[in-house]
Amino acid sequence: MRVVVTGLGTLQLSTLDKIQLGSSTLATINILGSGGDLPDLHLIEIRAEYNRDLLQIERTDDPDAVQFRISGRALGTSSVQFKSDTTTGGGIERSVSKQVQVFPPLRVNPENLKLLTGAVYQYAGDGGPGGSDVSVQFSIGEFAFIYPAN
């Protein structure tokens, strides 16, 4: 008979860093044991540290993964980190902290516009995520409608 004892080694956080106000996204926590193997997910209690005024975080019911639903409650940026007590040494294992921005919905004015081929029009936009790494792209869909690209 072979018995393997493992402790909690690493919590790896994977989630989006921008959430529209009123919407949500999933955060996945990859857990590795101290020997590099995967411990039983049901035996590990994981807690989130975050600004409760800006975000709401709840664990999902997925039995095969450790996932949390992150919802944007108010505009702003919050640090999100997950932690769990380790089974060896009495310490606490923490994930890397991630900044999550809750942004207002993007509004484009005018919402509808008819243009002739070759015409140019400057639109006004309000809301949307902030930061230097954000850009808005438009694409032409069916019937020559233009939509913001995802």
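# Briefing: an all-strand predicted model

Of the 150 residues of the protein, 26% count as buried. The model is predicted, and its secondary structure comprises zero helices and 13 strands. The topics below are the overall fold, the nonpolar core, the aromatic and charged contacts, and two buried polar residues.

**Overall architecture**

- Read along the sequence, the protein follows the pattern β-β-β-β-β-β-β-β-β-β-β-β-β.
- Among contacts between residues at least 6 apart in sequence, 50% join residues at least 24 apart.
- The accessible surface of the protein comes to about 10400 Å², and carbon and sulfur atoms account for 50% of that surface.

**The largest nonpolar core**

- In soluble globular proteins, nonpolar side chains tend to be buried together.
- In this model the largest nonpolar core has 20 residues. Of these, Ile29, Ile46, Leu55, Ile57, Phe68 and Phe82 touch the most other members.
- Strands E1 (8–14), E3, E5 (55–59), E6, E7 and E9 (98–103) each supply at least two residues of this core.
- Ile57 illustrates the contacts made by one of these core residues. Leaving aside neighbours within four places in sequence, Ile57 is in contact with Ala48, Tyr50, Phe68, Arg69, Ile70, Val80 and Phe82.

**Aromatic rings**

- How many aromatic pairs does a search of the whole structure find? The search finds one.
- That pair is formed by Phe68 and Phe82, whose ring centres lie 4.7 Å apart. The planes make an angle of 40 degrees, and the pair is therefore classed as tilted, since stacked pairs are under 30 degrees and edge-to-face pairs over 60.
- The pair links distant parts of the chain, with Phe68 in strand E6 (residues 66–72) and Phe82 in strand E7 (residues 76–85), 14 residues apart.
- Phe68 and Phe82 are both buried. Both also appear among the core residues that touch the most other members, and both are in contact with Ile57.
- A further ring is involved with a charge: the charged end of Arg52 sits over the ring of Tyr50, 4.5 Å from the ring centre. Tyr50 is also one of the contacts of Ile57.

**Salt bridges**

- The structure holds four salt bridges, including the three described here.
- Lys83 is paired with Glu49, with the closest N and O atoms 3.0 Å apart. This pair links distant parts of the chain: Lys83 belongs to strand E7 and Glu49 to strand E4 (residues 47–49), 34 residues apart.
- Is Lys83 buried or exposed? Lys83 counts as buried because its relative accessibility is 16%, and buried means under 20%. Glu49, with a relative accessible area of 29%, is partly exposed.
- Glu49 also meets Arg94 in a salt bridge, at 3.0 Å from N to O. Here too the pair links distant parts of the chain, with Glu49 in strand E4 and Arg94 in strand E8 (residues 92–94), 45 residues apart. Arg94 has a relative accessible area of 37% and is therefore partly exposed.
- Arg107 forms a salt bridge with Asp126, the closest N and O atoms being 3.3 Å apart. Arg107 lies in strand E10 (residues 107–109) and Asp126 in strand E11 (residues 124–126), so that distant parts of the chain, 19 residues apart, are linked.
- Both partners of this bridge are partly exposed: Arg107 at 47% relative accessibility and Asp126 at 44%. Which residues do shared salt-bridge partners join into one network? The network consists of Glu49, Lys83 and Arg94.

**Two buried polar residues**

- Thr25 is located in strand E3 (residues 24–33). Thr25 counts as buried because its relative accessibility is 11%.
- Leaving aside neighbours within four places in sequence, the contacts of Thr25 are Thr15, Leu16, Ile19, Phe68, Arg69 and Ile70. Among them, Phe68 is a member of the aromatic pair, and Phe68, Arg69 and Ile70 are also in contact with Ile57.
- Gln101 is placed in strand E9. At 18% relative accessibility, Gln101 counts as buried.
- With neighbours within four places in sequence again left aside, Gln101 is in contact with Asp17, Lys18, Ile19, Gly76, Thr77, Pro129 and Gly130. One of these, Ile19, is also in contact with Thr25.

How values were computed. Residues numbered from 1 in each chain as written. Predicted model: local features only at pLDDT ≥ 70, side-chain atom pairs only at ≥ 80, totals over all residues. Heavy atoms only, no water. Phe/Tyr/Trp six-rings, centres within 6.5 Å; stacked < 30°, edge-to-face > 60°. Helix = DSSP H or I, 4+ residues; strand = E, 2+ residues; numbered from the N terminus. Buried < 20%, exposed > 50% of the residue type's maximum accessible area, 1.4 Å probe, protein only. Lys NZ or Arg CZ within 6 Å of the ring centre and 35° of its normal. Contact = heavy atoms within 4.5 Å. Core = buried A, V, L, I, M, F, W, Y, C linked by side-chain atoms within 4.5 Å. Areas by Shrake-Rupley, 256 points an atom, 1.4 Å probe, with all protein chains shown as cover. Salt bridge = Lys/Arg side-chain N within 4 Å of Asp/Glu carboxyl O.
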